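Me: Please take a close look at a single helix in the following structure. I should like a connected account of its geometry, its buried and exposed sides, and its surroundings.

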Amino acid sequence: MSAHPFTIAVSGKGGTGKTTISSLLIRSFIRLGEAPVLAVDADPNANLHEALGVTVHETLGSMREEAFSRTIPPGMNRHDYVRFRFRQALIEAEGFDLVAMGRPEGSGCYCFANDLLSECMLQLERDYHFIVIDTEAGMEHISRGTIGKPDMLLIVSDPGARGLRTVARIRQIATQLGLEKEKIHVVFNQYKTGTAPVDIGDESPIAIIPEDPAVEKADLAATPVSLIPEGSPARTAVRELAVKIRAMARK
Ligand SMILES: Nc1ncnc2c1ncn2[C@@H]1O[C@H](COP(=O)(O)OP(=O)(O)OP(=O)(O)O)[C@@H](O)[C@H]1O
Ligand SMILES: [Mg+2]
């Protein structure tokens, strides 16, 4: 593994399985010996922590507001303060750290704070093998540059025609933003056995994740979905995806 962390942004339409796949991917990397992983929850309705089974006390969003409205402790400038608070917002767990971005700021210019955050992210990156970003539906973070350019963009979709139209749209936005085509991959999720394979043009999906009763069960019981039993179809398929990504990251 190179010294530079490999960043994977997980995107897709609402409810396609971004959080489920992000959390399973993080657990797979850890089990493959690729700890520490940095988990970034870039969805304003943060729930990646639940999927991973940890608790978030504060988000970068709340911190960002604070750095501009509150009095900075004596002897600290805003820059130091944001860095200090960033460390506080970072949750350290077994095999991974997690940071939640929280809600986007209100009106006014927060470019300065955003720059600081990007800088904090860069400093953090050093130790991680992989960074997995669970994004909100749409491309807000990538288009605003908050999370920089990922090494890989996964677009999660159901394997239907409507889902594929969203895939095409996200792909278009990402390429317009300068992301190379070969870094963009489609993941079909909630694939029902017996479903006819869908034509997605001249490119095949990097992974097909089956519909898995264990995922539904975890959802209903509000237990962390990333901890579904070994041998569960979705867990097995995401593990294969993690192995594939690791091989690609090493190239
Ligand atoms: N492979 C699967 N098998 C069965 N159920 C699944 C699978 N993947 C996801 N689900 C279910 O689909 C729903 C949406 O999943 P998830 O929350 O991961 O999607 P999301 O894309 O992160 O949603 P949002 O856009 O709201 O953030 C959940 O109820 C989840 O349990
Ligand atoms: Mg989600």
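Reply: The account below concerns helix H9 (residues 233–250), with two other helices described afterwards for reference.

The model is a predicted one, in which local features require pLDDT of at least 70 and side-chain atom pairs count only at pLDDT 80 or more, while totals for chains, interfaces and linings use all residues. Residues are numbered from 1 along each chain as its sequence is written, and chains are lettered from A and ligands numbered from 1 in the order in which they are written.

The protein has nine helices and eight strands; helices (H or I, at least four residues) and strands (E, at least two) are DSSP runs, numbered from the N terminus. Of its 251 residues, 40% are buried. A residue is termed buried if 20 or more other C-beta atoms lie within 10 Å of its own, exposed if 12 or fewer, and partly exposed in between, with C-beta atoms placed from the backbone. Among contacts between residues at least 6 apart in sequence, 75% join residues at least 24 apart; a contact requires C-beta atoms, placed from the backbone, to lie within 7 Å.

H9 comprises 18 residues, which at 1.5 Å a residue should span 26 Å, and its end C-alpha atoms are indeed 26 Å apart. The expected span is 1.5 Å times one less than the number of residues. Its buried residues are Ala234, Arg235, Ala237, Val238, Leu241, Ala242 and Ile245. These cover an arc of only 160° around the axis, which puts them on the same side of H9; the arc is that of the directions from the helix axis to the C-beta atoms. An α-helix has 3.6 residues a turn, so residues three or four places apart point the same way. The face turned away from the buried side of H9 carries the exposed residues Ala247 and Arg250.

The cover over the buried residues of H9 includes strand E1 (6–12), H1, strand E6 (152–157), strand E8 (207–210) and helix H8 (213–221). Within H9, Ile245 counts as buried because it has 25 C-beta neighbours inside 10 Å. Beyond its neighbours within four places in sequence, Ile245 is in contact with Ile8 and Met152. Ile245 and Leu25 are 220 residues apart in sequence, yet their C-alpha atoms are 9.9 Å apart in space.

The axes of H9 and helix H1 (residues 18–31) come within 9 Å and cross at roughly 65°. Here axes are lines fitted to C-alpha atoms, for helices over the stretch in contact, and angles run from 0 to 180 degrees between N-to-C directions. The H1–H9 crossing is right-handed, that is, the near helix is turned clockwise from the far one by less than a right angle. H1 contributes Ile21, Leu24, Leu25, Ser28 and Phe29 to the contact, and H9 contributes Ala234, Arg235, Val238, Arg239, Leu241 and Ala242. By class, these are eight nonpolar, one polar and two charged residues, where Ala, Val, Leu, Ile, Met, Phe, Trp, Tyr, Cys and Pro count as nonpolar, Asp, Glu, Lys and Arg as charged, and the others, Gly among them, as polar.

Two further helices may be set beside H9. In H7 (residues 161–176), the buried residues are Gly163, Thr166, Val167, Ile170 and Ala174; they fall within an arc of 105°, so they line one face of the helix. In H4, the buried residues are Val82, Phe86 and Ala89, and their arc of 65° likewise places them along one face.

Note on methods: Contact = placed C-beta atoms within 7 Å.
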